[in-house]
Amino acid sequence: MSDPLAPGAAIGILGGGQLGRMLALAAARLGLRAHIYDPAAASGPAAQVADSATTAAWDDAAALDAFAASVDVITYEFENIPTGTLDRLGAARQIRPGRRALEVSQDRLTEKRFLRDLGLATAPFAPIDGPGDLDGALAETGVPAILKTRRFGYDGKGQARIADPDVAEAALASLQGAAAIAEGHVAFEREVSVIGARGLDGAIACFDPGENVHEGGILRTTTIPARLSVAQRTDAVLLTGKILNALDYIGVLGVELFVTPGGLIVNEIAPRVHNSGHWTQNGCTICQFEQHIRAVAGWPLGDGTRHSDVTMENLIGDDMDRLAGLRSEPATALHLYGKAETRPGRKMGHVNRITGPAG
Ligand code: AMP
């Protein structure tokens, strides 16, 4: 498919969580239909608002074939989709963003090497395939360090901190034999992220960098604008463009950065719409979800300029107890994900508060 999708065309979305929900809502607004594929129950956040949903395992060949046949193009809301699933779907339909972006971001070691080869700064890192690699890896990264599983980590999961060398073996044991990398601890001043988009025609549009605060490895707030110098802001946007071009990317990508006195350090990239881009729903004319759907549909990108300063706050677990109060704040934009059950650490929704005109 290279012609822009026409009204009524269908976008297949792999994954049925809140990101899929907000992508489906954006697609609907543009006159496109969303078909969700997720192995979990068909009443999840995305399926509730989509045109159709398939509940089937990632290796259900018949379900995958029927899904591919029912859509015009396929995208995804999370990066850990099994390779076999991608092979099968990719034979039938274009998957956007493409395989390279997934290969790079599914494995922290591949990701770090990709970034380093692009000439971008990362934390010092070294692979750890077993206890015998530990000493050599820590010599490379220094201590304190963080061990991270190479695959399937998110929201701080699959990570163990090493504050001093005595706890290194126990930290590695806590990862239960998973292939890992060690990363040197970065003494950052703040964390920021850039949400960038690249269209089918190679055009790039980046949203303004947001400043992120994490608690327990989970994003708590994003504040726009981030406290960055003009040079840092330019650098952040340019390096995002470099990553997008190197991956021949189509869609929205999140780039998480550490700000240090020596410059910007890339922490990780996410080949999808990103929690730290939720502020764009109320701070920009074209939000990250619409931007992603536009790119995947082969439409021109929208203008990512922000009209307002915004603070986004995630509603996690018990934060839902504050719902009555939040509902009665007249200028607070509430976004709830339709999750039936509140659990500790579970992202239930977010709020966007406009803090003023774009400054
Ligand atoms: P990640 O899953 O890699 O995004 O890590 C989650 C959070 O842990 C980051 O947003 C940082 O707050 C912190 N973190 C991860 N890696 C490092 C590092 N090398 N140095 C300092 N803090 C880190």
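**A sheet, its helices and two cores**

A180, A182 and G184 point one way from strand β8 while I181 and E183 point the other way, and all of them are buried in this predicted model.

Reader: Is strand β8 largely enclosed by the rest of the structure or left open, and how many of its residues are buried?

Author: Strand β8 covers residues 180–184, and residues that point to either side of the strand are buried, A180 and I181 among them. Because the count takes in five of the five residues, β8 is largely enclosed by the rest of the structure, and the number of buried residues is five.

Reader: Which strands pair with β8, and in what sense?

Author: Strand β5, at residues 125–128, pairs with β8 over four bridges, and in this pairing F125 stands opposite E183. Strand β6, at residues 145–149, pairs with β8 over five bridges, with A145 opposite G184. The partners of β8 are therefore β5 and β6, and the sense of pairing is antiparallel.

Reader: What is the order of the strands in the open sheet, and which are the edge strands?

Author: The open sheet has four strands with antiparallel pairing, in the order β5-β8-β6-β7. Each edge strand pairs on one side only, and the twist averages 25° from one strand to the next. Strand β7 is joined to β6 by four bridges, with K148 standing opposite Q159 of β7. The edge strands are β5 and β7.

Reader: Which helices lie across β5, β6, β7 and β8?

Author: One helix, at residues 108–117, lies across these strands and runs at about 150° to β5. Another, at residues 134–141, also lies across them and runs at about 170° to β5. Their names are α5 and α6.

Reader: Is P127 buried, partly exposed or exposed?

Author: P127 lies in strand β5, and, leaving aside neighbours within four places in sequence, P127 is in contact with L109, R113, D133, A137, A180 and I181. Its relative accessible area is 31%, and since buried means under 20% and exposed means over 50%, P127 is partly exposed.

Reader: Where on helix α3 do its buried residues fall?

Author: Helix α3 spans residues 83–92, and its buried residues include T85, L86 and L89. Seen down the axis of α3, the buried residues fall within an arc of 95°, so they line one face of the helix. They pack against β1, α2, β4 and α4, and the place asked for is one face of the helix.

Reader: Which residues have the most contacts inside the largest nonpolar core, and which domains does this core draw on?

Author: The largest nonpolar core has 41 residues, and those with the most contacts inside it are L14, I243, L247, L257 and I269. One of these, I269, touches several residues farther than four places away in sequence, including V104, F114, I243 and L247. A second, separate core has 38 residues, with A205, C284, C287 and V310 among them. The largest core draws at least three residues from each of domain 1 and domain 3.

Reader: How far apart do the C-alpha centres of domain 2 and domain 3 lie?

Author: The chain is divided into domain 1 at residues 10–95, domain 2 at 124–184 and domain 3 at 190–357. Between the C-alpha centres of domain 2 and domain 3, the distance is 28 Å.

Methods: Residues numbered from 1 in each chain as written. Predicted model: local features only at pLDDT ≥ 70, side-chain atom pairs only at ≥ 80, totals over all residues. Heavy atoms only, no water. Buried < 20%, exposed > 50% of the residue type's maximum accessible area, 1.4 Å probe, protein only. Helix = DSSP H or I, 4+ residues; strand = E, 2+ residues; numbered from the N terminus. Pairing = 2+ DSSP bridges. Arc of directions from axis to C-beta. Contact = heavy atoms within 4.5 Å. Domains from an automatic or database assignment. Axes fitted to C-alpha atoms, helices over the stretch in contact; angles between N-to-C directions. Core = buried A, V, L, I, M, F, W, Y, C linked by side-chain atoms within 4.5 Å.
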